[in-house]
Amino acid sequence: MTSSITTAMLDIAVEQARIGRDEGGVPIGAALFGPDGAVLGRGRNRRVQHDDPSVHGETDAFRAAGRQRSYRDTTMVTTLSPCWYCSGLVRQFGIGTLIIGEARTFQGGHDWLIEHGVDVVILDDPRCIDLMTAFIAERPDVWNEDIGEE
């Protein structure tokens with residue numbers, strides 16, 4: 001996977017994160033790509049917008065992709081290291097590659113996914129870091145709720 005392809009994939013997730021932020025939600029975006037690089041589904045964290053704690057960026061993208069025969073050759077791209085819930089989704093369905101925009105503001109289950117054979121790439125993208133840093137400073141109550149902290 002070349003750098004320009006990875007950047008183009010992350011661009012879609014970042015766009016979703018910005019849409020989510022502008023809707024008043026948590027700015028985490030994701031997209032699921034097929035083996036040929038085509039977008040199968042895109043999504044964003046809509047917990048606040050839908051009043052549904054299960055609508056994380058990765059789950060939204062996964063649902064939008066619809067049923068696939070296999071996920072082994074798919075790539076999930078997310079702006080933030082996935083929580084345990086979303087890490088479980090990647091593991092459960094055998095998604096082969098996970099590209100993460102950043103893991104500075106939150107470190108989810110990506111090390112566990114590596115241990116279980118998922119190819120994980122962390123980009124340390126400044127756009128993703130800035131989105132989450134600003135959000136956490138502005139809405140710590142919503143962020144803590146999102147990650148299950150009191």
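Guide: Helices here are DSSP runs of H or I with at least four residues, strands are runs of E with at least two, and both are numbered from the N terminus. This is a predicted model, in which local features need pLDDT of at least 70 and side-chain atom pairs count only at pLDDT 80 or more, while totals for chains, interfaces and linings use all residues. Residues are numbered from 1 along each chain as its sequence is written, and side-chain values use heavy atoms, with hydrogens and water left out.

Visitor: What value does phi of Gly94 take, just after helix 4?
Guide: Helix 4 covers residues 84-93. Gly94 follows directly, and its phi is positive, at about 70 degrees.

Visitor: Why do the buried residues of helix 4 lie on the same side?
Guide: Buried means under 20% relative accessible area, exposed over 50% and partly exposed in between, with a 1.4 Å probe and protein chains only. In helix 4 the buried residues are Cys86, Ser87, Leu89 and Val90. They share a side of the helix because their arc, taken from the directions from the helix axis to the C-beta atoms, is only 150 degrees.

Visitor: Which residues are exposed on the other side of helix 4?
Guide: The buried side holds Cys86, Ser87, Leu89 and Val90. Opposite them, the exposed residues are Trp84 and Gln92.

Visitor: Which elements do the buried residues of helix 4 pack against?
Guide: A contact is a pair of heavy atoms within 4.5 Å. The partners are strand 3 (75-78), helix 3 (57-65) and helix 5 (110-115).

Visitor: Is Asp51 buried or exposed?
Guide: Asp51 sits in the loop between helix 2 (47-50) and helix 3. Its phi is positive, near 50 degrees, although Asp51 is not a glycine. With a relative accessibility of 71%, Asp51 counts as exposed.

Visitor: What is the relative accessible area of Asp124?
Guide: Asp124 belongs to the loop between strand 5 (119-122) and helix 6 (126-138). Its phi, near 55 degrees, is another positive value in a residue other than glycine. Asp124 is partly exposed, and its relative accessible area is 33%.

Visitor: What is the radius of gyration of the protein chain?
Guide: The chain has seven helices and five strands, in the order α-β-β-α-α-β-α-β-α-β-α-α. For 150 residues the globule rule (2.2 Å times the number of residues to the power 0.38) gives 15 Å, so the chain is as compact as a globular protein of that length. Taken over C-alpha atoms, the radius of gyration is 14 Å.
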